[in-house]
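Biologist: I should be grateful for a close look at the charged side chains of this protein and the partners they meet. Please set out the pairs one after another, with the distances and the burial of each residue.

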Amino acid sequence: MTFRPQVDVVYEQLRSKILDGSLEQGYDLHERTVAELVGTSRTPVREAVARLVVDGLAERHGRRTRVTVWDEEKTGQLYEIRAALESEACRLAAMRRSESVMMRLQTSVAEQRQLSDPSATARRNINYEFHEQIWQASGNPFLLETNRKYGVQSMCIAPTTLRHDERWATALDEHEQLVEHISRHEAAEAAALMHHHLESAFRRR
């Protein structure tokens, strides 16, 4: 049995609660309250919350730390940087793509089409997995790490537009087109479509 530091356990518990909405935006991450919530001492809570701040899932507000509040301005800024970074990931993925990459991307699209659970959470999670496949396909570990950070931040902005069947269907069609562009080494087209894909997601919020 592998030993896991208590701070890692607390961090993952809090991260999960933020992503699934159990801890709502603006929730006060007071050390004593959080320690009682997760059943631990205050020291690992302090370190776990500090990690969440680095992740962008929590923010300092005066002398307090709270779950990040995503107003329209901040959400727009997040999608601006995502559009820029993910477009570059798509461009590089199209330039560097391999047969193994194409198999993973095609499998991901097929799994999205076959998703039987219509819940917003299931759609959000499988959508994130698809985007992560593209980030990995860029072949740039720094781009991968940065996209993961901002991608996770987007996951905690509720409600997701993917809860709407029409938006979900459009997203799937665009995912298929992205894979086609990457397959054909169409770097500029892949980058432009990803930019449009994320701009559309923001406009529908």
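Modeller: The account below follows the charged pairs and then turns to the aromatic rings. The model is a predicted one, and a total of 13 salt bridges is counted in it.

One of these bridges joins Asp 8 to Arg 51, whose closest N and O atoms are 2.7 Å apart. Because Asp 8 belongs to helix H1 (residues 6-19) and Arg 51 to helix H3 (residues 42-55), this pair ties together parts that lie 43 residues apart in sequence. Asp 8 is partly exposed, with a relative accessibility of 21%; the cut-off for a buried residue is under 20%, so Asp 8 does not count as buried. Arg 51 is likewise partly exposed, at 32%. Arg 51 has a further contact, since it also lies over the face of Tyr 11, at 5.4 Å from the ring centre.

Helix H3 also contributes Arg 46 to a second bridge. Here the partner is Glu 31, and the closest N and O atoms are 3.0 Å apart. Glu 31 sits in helix H2 (residues 31-38), 15 residues from Arg 46, and the pair thus links distant parts of the chain. Arg 46 has a relative accessible area of 44% and is partly exposed. Glu 31 is partly exposed as well, at 22%.

A third bridge, between Glu 86 and Arg 82, has its closest N and O atoms 2.6 Å apart. Both residues lie in helix H4 (residues 72-96); they are four residues apart, which means a separation of about one helical turn. Glu 86 is buried, with a relative accessibility of 0%, and Arg 82 is also buried, at 8%. Elsewhere, salt bridges with shared partners bring Glu 31, Arg 42 and Arg 46 together in one network.

Arg 82, like Arg 51, meets an aromatic ring. The charged end of Arg 82 sits over the ring of Tyr 79, at 5.6 Å from the centre of that ring.

The rings also meet one another: a search of the whole structure gives two aromatic pairs. One of them consists of Tyr 128 and Trp 135, which are arranged edge-to-face, with 5.4 Å from centre to centre and 85° between the planes. Tyr 128 and Trp 135 are both buried.

Definitions and conventions
Residues are numbered from 1 along each chain as its sequence is written. This is a predicted model: local features need pLDDT of at least 70, side-chain atom pairs count only at pLDDT 80 or more; totals for chains, interfaces and linings use all residues. Side-chain values use heavy atoms; hydrogens and water are left out. Rings of Phe, Tyr and Trp (its six-membered ring) pair if their centres lie within 6.5 Å; planes under 30 degrees apart count as stacked, over 60 as edge-to-face and the rest as tilted. Buried means under 20% relative accessible area, exposed over 50%, partly exposed in between (1.4 Å probe, protein chains only). A charge sits over a ring if NZ of Lys or CZ of Arg is within 6 Å of the ring centre and within 35 degrees of the ring normal. A salt bridge is a side-chain nitrogen of Lys or Arg within 4 Å of a carboxyl oxygen of Asp or Glu. Helices (H or I, at least four residues) and strands (E, at least two) are DSSP runs, numbered from the N terminus.
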